[in-house]
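Reader: I am new to this structure and should be grateful for a close look at a single part of it. Please describe the largest pocket.

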Amino acid sequence: MPRIELKGITKMFGKVAAVKDLNLVIEDREFVTLLGPSGCGKTTTLRMISGLETPTSGEIVIDGKVVFSSEKQLNLSPDKRDVGLLFQNYALWPHMTVYQNIAFGLENLKWKKEDIARKVTEMGELVKISELMARYPSELSGGQQQRVAIARTLAPDPRVLLMDEPLSNLDAKLRMEMRSELKRLHQQIQSTTVYVTHDQLEAMTLATKICLMEEGVLQQYAPPLHVYDSPANLFVADFIGNPSMNLLELSVNGVENNRWMLGDRETQLVFSPQENGSLPKVGEKVFLGIRPEDISLSLQGKTQASIYSVLPSGMETVLKVRFGERLLSVVVFGRKDFLPDTPVGLHFEGNWYHIFDGTGGKLLATGGLSLE
């Protein structure tokens with residue numbers, strides 16, 4: 001399967017830049033999710049890779065072959081890029097059976113009948129719809145239609161698989177099941193896959209790498225857990241994670257012996273950065289990022305807070321805790337419940353707390369946190 005390279009890709013719609021100078025390398029057999037809020041340029045990027053959208057400038061290379069170059073005035077059509085496309089709308093032919101829908105593309109490619117029959121059977125077994133071959137789309141559930149669309153896309157053996165929010169029409173339970181199936185399929189067929197989603201959980205669970213975009217600009221490109229544990233900036237920190245990361249705006253009151261004194265009129269904390277942290281200046285404003293699961297609670301503690309709201313779900317409980325004038329999100333794992341206004345103590349353990357620059361939002365350091 002091929003490697004995909006995007007070199008300085010820009011796409012303008014009039015005076016609006018949908019994608020700005022995007023440089024991206026998708027390695028052979030990777031599963032890359034293009035993630036970000038609506039309008040960030042992720043679908044436009046996917047369509048430019050497929051050839052459905054023409055970049056304004058830059059170069060796209062698939063498997064060592066230039067498929068688009070503004071400088072060379074080269075732009076190969078989608079059918080010459082050997083990519084498989086799967087969209088939010090399954091676009092199954094209603095008058096055709098499942099078998100005929102999967103076979104349709106192969107017939108257009110002039111495959112022999114015996115090869116088509118073998119391939120359709122193979123695809124049916126792969127996506128577990130062998131018993132549905134004689135049915136029509138109207139006789140299928142949403143999940144079954146999705147499997148047919150996947151089988152049809154995979155049947156011609158495309159070198160690249162491109163998917164644009166293919167699970168968004170499914171209910172929550174079925175979406176979870178199909179995520180598992182897509183991950184299994186990727187491991188089985190070893191395709192190079194690019195997947196567009198605005199669902200961070202989908203991106204985290206499926207991808208080998210996440211490409212997070214905002215307003216057409218690449219914010220971070222890394223494996224999911226690296227993005228979660230080491231967000232490049234405030235946007236990434238706030239976007240990834242549910243509940244969102246707690247962000248506290250504080251001042252740097254002093255720096256001594258690898259200890260940063262952070263605080264405001266009601267909060268005083270000590271931050272101990274790991275190596276290679278960028279040293280802030282005393283008096284600077286910074287943002288302290290704390291993941292909800294990195295706050296532990298006890299009925300006793302140096303810092304007193306109180307329970308504001310409780311959302312138990314069985315496996316975990318999501319809390320809002322009043323800490324001075326702030327409300328902090330806290331995740332407590334297990335079957336636990338709390339009464340509102342219960343006093344609790346806050347504890348910070350581990351080394352996954354982040355300091356971001358107060359103006360540009362860039363990550364300055366990651367380290368431990370304690371109460372002064």
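Author: The following account concerns the largest pocket, with a short note on the largest cavity. The model is predicted: local features need pLDDT of at least 70, side-chain atom pairs count only at pLDDT 80 or more, and totals for chains, interfaces and linings use all residues. Residues are numbered from 1 along each chain as its sequence is written, and side-chain values use heavy atoms, with hydrogens and water left out.

On a 1 Å grid over the protein atoms alone, a pocket is an open set of points with protein on both sides within 12 Å along at least five of seven lines, a cavity is a set where a 1.4 Å probe fits but cannot get out, and lining residues have an atom within 4 Å of a point. Volume is the space filled by probe spheres set on the points, which are joined across faces, edges and corners.

The largest pocket holds about 700 Å³ of space. Its lining numbers 20 residues, and Val 83, Gly 84, Leu 85, Gly 105 and Pro 156 lie nearest its centre. Strand E7 (83-86), helix H2 (98-108) and H4 each give two or more residues to this lining; helices (H or I, at least four residues) and strands (E, at least two) are DSSP runs, numbered from the N terminus. E7 provides the largest share, four residues.

Helix H4 (142-154) also supplies at least two residues of the lining of the largest cavity, which contains about 60 Å³ of space. Among the residues lining that cavity are Ile 150 and Leu 154. H5 gives the most there, with four residues.
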